[in-house]
Amino acid sequence: MNGIFSSLANAIRPRSDEKRTCNFCRAEHSASALANNLNICPQCGKYLSLSPRERIGLVADKRSFAEMSKGLKSVDFLQFPGYSDKLQKAEKLCGEGDAVVIGTAKTEGLPYVIFVMDQRFIMASMGSVVGEKLTRAFEYATEEELPVIGFAASGGARMQEGILSLMQMAKVSSAVKKHSEGGNLFISVLTNPTTGGVTASFAMQGDIILAEPGATVGFAGRRVVEQTTKTGLPQNFQSAEFVCDHGFIDRVVPRKELRSTLGSLLRTHSTKFYTGDAI
């Protein structure tokens with residue numbers, strides 16, 4: 001297990017060893033110390049975010065990822081105040097054109113289509129480009145009869161794009177449905193946070209739904225629910241563990257077990273790819 005853990009840590013090895021502050025307990029750790037612990041705070045045990053490239057490196061076979069639709073970028077077609085600046089800042093921060101990365105990959109030799117949402121990019125809000133890239137991912141997977149593994153993380157729809165943002169819920173859900181009707185597997189992995197229109201659409205359409213420990217999973221925020229219902233809520237309300245206990249997801253999987261879990265699920269449910277070459 002130590003060898004496997006070390007290999008996973010190398011997938012998210014930082015380029016520099018600057019100090020990073022835990023978002024939860026505010027403890028400071030070196031970037032290398034966090035990488036050695038898979039970006040899990042050594043002090044409080046909370047899961048810190050991974051970039052799409054780090055996430056792919058964590059679960060996919062080395063050099064197996066081939067990106068799709070890399071050049072798609074959002075534009076400020078409604079001339080929403082401040083949106084152009086936000087897009088430029090997010091692109092500079094993340095090094096990505098928008099809030100999702102898609103492509104093909106393999107885990108333990110088994111092929112699939114992968115998408116990873118990036119919460120650093122305007123809170124991984126779902127606009128027209130995010131919806132288009134996700135739709136393309138599922139359409140390609142349907143055509144090639146491939147499974148899809150998706151890592152959801154979002155604050156919801158991107159309000160700066162108005163109704164075109166909201167329509168992505170139906171657009172992506174339709175592509176997921178066609179993928180399912182073709183007899184193909186969709187594994188949805190919920191990371192922190194998965195909320196709003198993403199939760200209300202494709203994130204919860206997986207044949208198998210997993211989540212990372214402690215991830216927030218819900219639609220409206222805790223305070224909105226309490227104010228609307230005028231009732232108090234349990235301390236762990238909308239945590240991955242809470243929604244798992246109430247039957248909304250299948251399993252909470254620790255980060256260090258995620259790659260092996262996905263490999264096992266692919267072998268079990270994608271038998272047409274389980275050949276001697278894939279072992």
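**Burial and strand pairing in a predicted model**

Glu212 lies in the loop that connects β8 (208-211) to α8 (222-229). In this predicted model, the relative accessible area of Glu212 is 3%, so the residue is classed as buried. Beyond residues up to four places away in sequence, Glu212 touches Tyr47, Arg55, Leu190, Thr191, Ala240, Val252, Val253, Arg255 and Leu258. Two of these partners, Arg255 and Leu258, are also listed among the buried residues of helix α10.

Helix α10 covers residues 255-269. Its 15 residues, at 1.5 Å a residue, should span 21 Å, and the C-alpha atoms at its ends are 21 Å apart, which agrees with that expectation. The buried residues of α10 are Arg255, Leu258, Thr261, Leu262, Gly263, Leu265 and Leu266. An α-helix has 3.6 residues a turn, so residues three or four places apart point the same way.

Seven strands are arranged in an open sheet of mixed pairing, in the order β3-β4-β5-β6-β7-β8-β9. The edges are formed by β3 (66-68) and β9 (251-252), each of which pairs on one side only. Strands of a sheet pair through backbone hydrogen bonds, either parallel or antiparallel.

From the β3 edge, the pairing of β3 with β4 is antiparallel and comprises three bridges. Within this pair, Glu67 has Gly103 of β4 as its bridge partner. Strand β4 (residues 100-107) then pairs with β5, again in the antiparallel sense, and eight bridges join β4 to β5. Along this pair, Ala105 stands opposite Tyr112 of β5, and Lys106 stands opposite Pro111 of β5. The hairpin of β4 and β5 has two residues between the strands, and Glu108 adopts a positive phi near 55 degrees there.

On its other pairing, β5 runs parallel to strand β6 (residues 148-154), with four bridges between them. Phe115 has Gly150 in β6 as its bridge partner. The connection involves helix α5 (residues 128-144): β5, α5 and β6 together make a β-α-β unit of right-handed sense. Strand β6 also pairs in the parallel sense with strand β7 (residues 186-194), over six bridges. In that pair, Ser154 is found opposite Thr194 of β7.

Burial was examined for β4 and β5. Seven of the eight residues of β4 are buried, so this strand is largely enclosed by the rest of the structure. In β5 (residues 110-117), eight of the eight residues are buried, and therefore β5 too is largely enclosed by the rest of the structure. Both faces of β5 are covered. One side carries the buried residues Leu110, Tyr112, Ile114 and Val116, and the other carries Pro111, Val113, Phe115 and Met117, also buried. The residues of β5 named above in bridges or opposite positions thus recur here: Pro111 and Phe115 belong to one side, whereas Tyr112 belongs to the other.

Gly127 is located in the loop between β5 and α5. With a relative accessibility of 0%, Gly127 counts as buried. Its contacts, leaving aside neighbours within four places in sequence, are with Arg158, Glu161, Ser165 and Gln168. Gly127 and Arg259 are separated by 132 residues in sequence and by 29 Å in space, C-alpha to C-alpha.

Ser30 belongs to strand β2 (residues 28-30). Its relative accessibility is 15%; because buried means under 20%, Ser30 falls in that class. The side chain of Ser30 comes to 3.1 Å from the backbone nitrogen of Ala33. Not counting residues up to four places away in sequence, Ser30 touches Asp17, Glu18 and Lys19.

The cysteines were considered last. A disulfide is a covalent bond between the sulfur atoms of two cysteines. The cut-off applied to a sulfur pair is 2.5 Å, and the count comes to zero disulfides. For Cys41, the closest cysteine sulfur is that of Cys44, at 3.7 Å, which is too far for a bond. Cys41 counts as buried, because its relative accessibility is 2%. Cys244, by contrast, has a relative accessibility of 22% and therefore counts as partly exposed.

Conventions
Residues are numbered from 1 along each chain as its sequence is written. This is a predicted model: local features need pLDDT of at least 70, side-chain atom pairs count only at pLDDT 80 or more; totals for chains, interfaces and linings use all residues. Side-chain values use heavy atoms; hydrogens and water are left out. Buried means under 20% relative accessible area, exposed over 50%, partly exposed in between (1.4 Å probe, protein chains only). Two strands pair if DSSP finds at least two bridges between them. A crossover is right-handed if, with the strands pointing away from the viewer, the path from the first strand over the helix to the second runs clockwise. The expected span of a helix is 1.5 Å times one less than its number of residues. A polar contact is a pair of N or O atoms within 3.5 Å; within protein, one must be able to donate a hydrogen and the other to accept it, and residues adjacent in sequence count only if both atoms are side-chain atoms. Contact means heavy atoms within 4.5 Å.
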